[in-house]
Amino acid sequence: MSQRTERVDELLRQEIGRILAKEVQDPHIGFATVTDVETTPDLRHARVWVSVIGDEARRAEALAGLERAMGYVRHELGARLRLRRIPALHVALDDSLERGTRVLRILDELEQGHDEAGAALVDAPHGESLPTPVPRLRREGDAEAVEDAASAGEPTAGPAAAGAPARRGRRREGRGRDAGATGRRGDR
């Protein structure tokens, strides 16, 4: 995303929030907060992310009211902003706050050892807030197993085992794909 697009996104977020808070008087919208705006690179369309407090029915009602109000909001943006093109506004529900709250609640339940209803969580040790670490089982290909195989004279995985010479050091600057703007090696 370019800096211009980021600046336009932030400007639109602020202005749309002001217009919805002060000028749109639809009771169906209720308390809706504009959390983010994402415009397409050609600035023809913008997705307006909103967070709405309430249950599912209240959110659906608020989104419908916001969709109806976007024509007025776009008209007001045209009068306030000096942009060549005001993007078409599309409303989307931002549920990141609800998901974050849910994760925090689950973490709290795990720490306390019981869920909301008071039922004990299965295998929750008393007095510990984190799960007890379990020793890791050794598997084929572990670093220690590779060292043991090398000391026994067995071939190990990798380019050295296949007979390929090992690379040493870094590439010299100016070599390889990033050689220069033209990509020709004779320009050095």
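In what order do the three strands of the open sheet stand? Here are a few notes to help you find your way around this predicted model.

1. **The sheet.** The order is β1-β2-β3, and the three strands form an open sheet with mixed pairing. As background, strands of a sheet pair through backbone hydrogen bonds, in either a parallel or an antiparallel way.

2. **The edges.** Look next at β1 (32-39) and β3 (88-93), which stand at the edges. Each has a single partner strand, so one side of each is left without a neighbour in the sheet. On average, neighbouring strands of this sheet are turned by 30 degrees against each other, direction ignored.

3. **The β2 and β3 pair.** Strand β2 (residues 45-52) runs parallel to β3, and six bridges join the two. If you would like one bridge to look for, try Arg47, whose bridge partner in β3 is His90.

4. **Two helices across the sheet.** Helix α1 (residues 3-22) lies across β1, β2 and β3, and runs at about 155 degrees to β1. Helix α2 (residues 56-80) also lies across β1, β2 and β3, with an angle of about 160 degrees to β3.

5. **A surface patch.** Which residues form a nonpolar patch on the surface? They are Val103, Leu104, Ile106, Leu107 and Leu110, and together they have about 460 Å² of accessible area. To locate the patch, start from Val103, which is found in helix α3 (residues 96-112). Val103 has a relative accessible area of 46%, so this residue counts as partly exposed: the range for that word lies between buried, under 20%, and exposed, over 50%.

Definitions and conventions:
Residues are numbered from 1 along each chain as its sequence is written. This is a predicted model: local features need pLDDT of at least 70, side-chain atom pairs count only at pLDDT 80 or more; totals for chains, interfaces and linings use all residues. Side-chain values use heavy atoms; hydrogens and water are left out. Two strands pair if DSSP finds at least two bridges between them. Helices (H or I, at least four residues) and strands (E, at least two) are DSSP runs, numbered from the N terminus. Axes are lines fitted to C-alpha atoms, for helices over the stretch in contact, and angles run from 0 to 180 degrees between N-to-C directions. Contact means heavy atoms within 4.5 Å. Patches are made of residues with over 30% relative accessible area and no salt bridge: like charges are joined within 9 Å, nonpolar side chains (Val, Leu, Ile, Met, Phe, Trp, Tyr) within 5 Å. Accessible areas come from the Shrake-Rupley method with a 1.4 Å probe; for residues, only the protein chains shown count as cover. A salt bridge is a side-chain nitrogen of Lys or Arg within 4 Å of a carboxyl oxygen of Asp or Glu. Buried means under 20% relative accessible area, exposed over 50%, partly exposed in between (1.4 Å probe, protein chains only).
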